[in-house]
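Here is a friendly round of questions and answers to go with the structure you are about to see. Keep the viewer open and follow along.

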Amino acid sequence: MSAAILRPIFKVRKLLSPLLALSLLAGCTVGPAGPTVTPIPTAAPTPTQSAPQEGVVTVATATAQPSPTPTLTPTSTPTASPTPSVTPTPTPSPTPGPEARYERFILITQNTQTMYVYENGVKIRTIPVSTGIPDQVETMTPAWEGDVGKFVGTFFSFGTWADNAWYLFYHYGSMLIHSAPYLKVDGQKVYQEMDALGVKPLSHGCIRMPPEEAQWFTDWGPQGAHVIIEPLTVKL
């Protein structure tokens, strides 16, 4: 190519070179952003504890820490135990005695020198008595069970009189229920050994009782009533 032709071209390139340089510079500035760089945090400077100076007292101030609030444990309310029900123990019925088996019944207890009279199981009379002296078999009152026999009334024996006598059984002679013995003094009855009634055995084997009780006994009409005489087992 001739120099005349190339010369205008060189002029154009010379004019365009600054423009091309500006274009390239603008492309670097406006182009897409590159990756974002995360800044590295700067470490806080560690406080340097200064050495204590001689003669200077350093007082460390403690920072009060709040005390934790205690957790309240609820107190359990005791549950009252139910009171057990007490089942009452049934009172045993008393065993009926022989008095329950007879319409009329007489019990003579020698240990207490007492005679009990019953009607239809109910005690209607308590009478102090004196039974036979226990030292000899001829004068003792033996244990016995049977019925009241016939009415004897007034009789005389061992130097004394007695009224309202009723026959029971035979033991070294007739065993009777009767009044206390008495003497006849100037037409009056003077009763003997009344202080033994209800206290000690002092007869010859019969059952003695106070004269007014002997009269009540006869009025009651004891013939045929069932009798139990208990043995004497104590010393009176």
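Q: Which residue of S11 stands opposite Leu 107?
A: This is a predicted model, and in it S1 (residues 104-109) runs parallel to strand S11 (residues 226-230), joined by five bridges. Leu 107 faces a residue of S11 across that pairing, namely Ile 228.

Q: In S2, which residue is the bridge partner of Leu 107?
A: S1 is joined to strand S2 (residues 114-119) by six bridges, and these two strands run antiparallel. The partner of Leu 107 in S2 is Tyr 116.

Q: Which residue takes a positive phi in the hairpin of S1 and S2?
A: Four residues sit between the strands of this hairpin. With a phi near 50 degrees, the residue in question is Gln 113.

Q: How many of the six residues of strand S1 are buried?
A: To count as buried, a residue needs a relative accessible area under 20%. S1 is largely enclosed by the rest of the structure, because the number of its six residues that are buried is five.

Q: How many bridges pair strand S5 with S6, and in which sense do they run?
A: Strand S5 covers residues 151-157, and S6 covers residues 160-170. One of the bridges places Ser 157 with Thr 160 of S6. The two strands are antiparallel, and the number of bridges is five.

Q: Which residue has a positive phi in the hairpin of S5 and S6?
A: The strands of this hairpin have two residues between them. The positive phi, near 55 degrees, belongs to Phe 158.

Q: On the S7 side, which residue stands opposite Tyr 167?
A: S6 also runs antiparallel to strand S7 (residues 174-179), with four bridges joining the two. They form a hairpin with three residues in between, where Tyr 172 in the turn has a positive phi of about 55 degrees. Opposite Tyr 167, in S7, stands Leu 176.

Q: Why is S6 described as largely enclosed by the rest of the structure?
A: The description follows from burial, which requires a relative accessible area under 20%. S6 has 11 residues, and it is largely enclosed because the number of them that are buried is eight.

Q: Which residue of S6 meets Lys 189 in a salt bridge, and is that residue buried or exposed?
A: The side chain of Lys 189 comes to 2.6 Å, N to O, from its partner Asp 163. This pair links distant parts of the chain, 26 residues apart, with Lys 189 in strand S9 (residues 188-191) and Asp 163 in strand S6. Lys 189 is partly exposed at 45% relative accessible area. At 10%, the S6 residue Asp 163 is buried.

Q: What is the separation in sequence between Glu 193 and Arg 208?
A: These two side chains form a salt bridge, at 2.6 Å from N to O. Glu 193 is in the loop between S9 and strand S10 (207-209) and Arg 208 is in S10 itself, so the pair ties together parts of the chain whose separation is 15 residues.

Q: What are the relative accessible areas of Glu 193 and Arg 208?
A: Glu 193 is partly exposed, with a value of 37%. Arg 208 is buried, with a value of 8%.

Q: Which elements are linked by the salt bridge of Glu 213 with Arg 125?
A: The structure holds three salt bridges, and in this one the closest N and O atoms are 3.0 Å apart. The residues lie 88 places apart in the chain, and the elements they link are helix H2 (residues 211-220), with Glu 213, and strand S3 (residues 122-128), with Arg 125.

Q: Is Glu 213 buried or exposed?
A: Its partner Arg 125 is partly exposed, at 27% relative accessible area. Glu 213 has a relative accessible area of 13%, which is under the 20% limit, so Glu 213 is buried.

Q: Which residues make the nonpolar surface patch of about 190 Å²?
A: One of its members, Leu 183, lies in strand S8 (residues 182-185) and counts as partly exposed at 33% relative accessibility. The patch is made by Leu 183, Val 185 and Val 190.

Q: How many contacts beyond four places in sequence does the model have for residues 20-37?
A: The chain averages a pLDDT of 81, and 65% of the residues score at least 70. Over residues 54-60, pLDDT stays under 50, with one contact beyond four places in sequence. Residues 20-37 also stay under 50, and their number of such contacts is zero.

Terms used: Residues numbered from 1 in each chain as written. Predicted model: local features only at pLDDT ≥ 70, side-chain atom pairs only at ≥ 80, totals over all residues. Heavy atoms only, no water. pLDDT = per-residue confidence, 0-100. Contact = heavy atoms within 4.5 Å. Salt bridge = Lys/Arg side-chain N within 4 Å of Asp/Glu carboxyl O. Buried < 20%, exposed > 50% of the residue type's maximum accessible area, 1.4 Å probe, protein only. Pairing = 2+ DSSP bridges. Patch = residues over 30% accessible without salt bridge, like charges linked within 9 Å, V, L, I, M, F, W, Y side chains within 5 Å. Areas by Shrake-Rupley, 256 points an atom, 1.4 Å probe, with all protein chains shown as cover.
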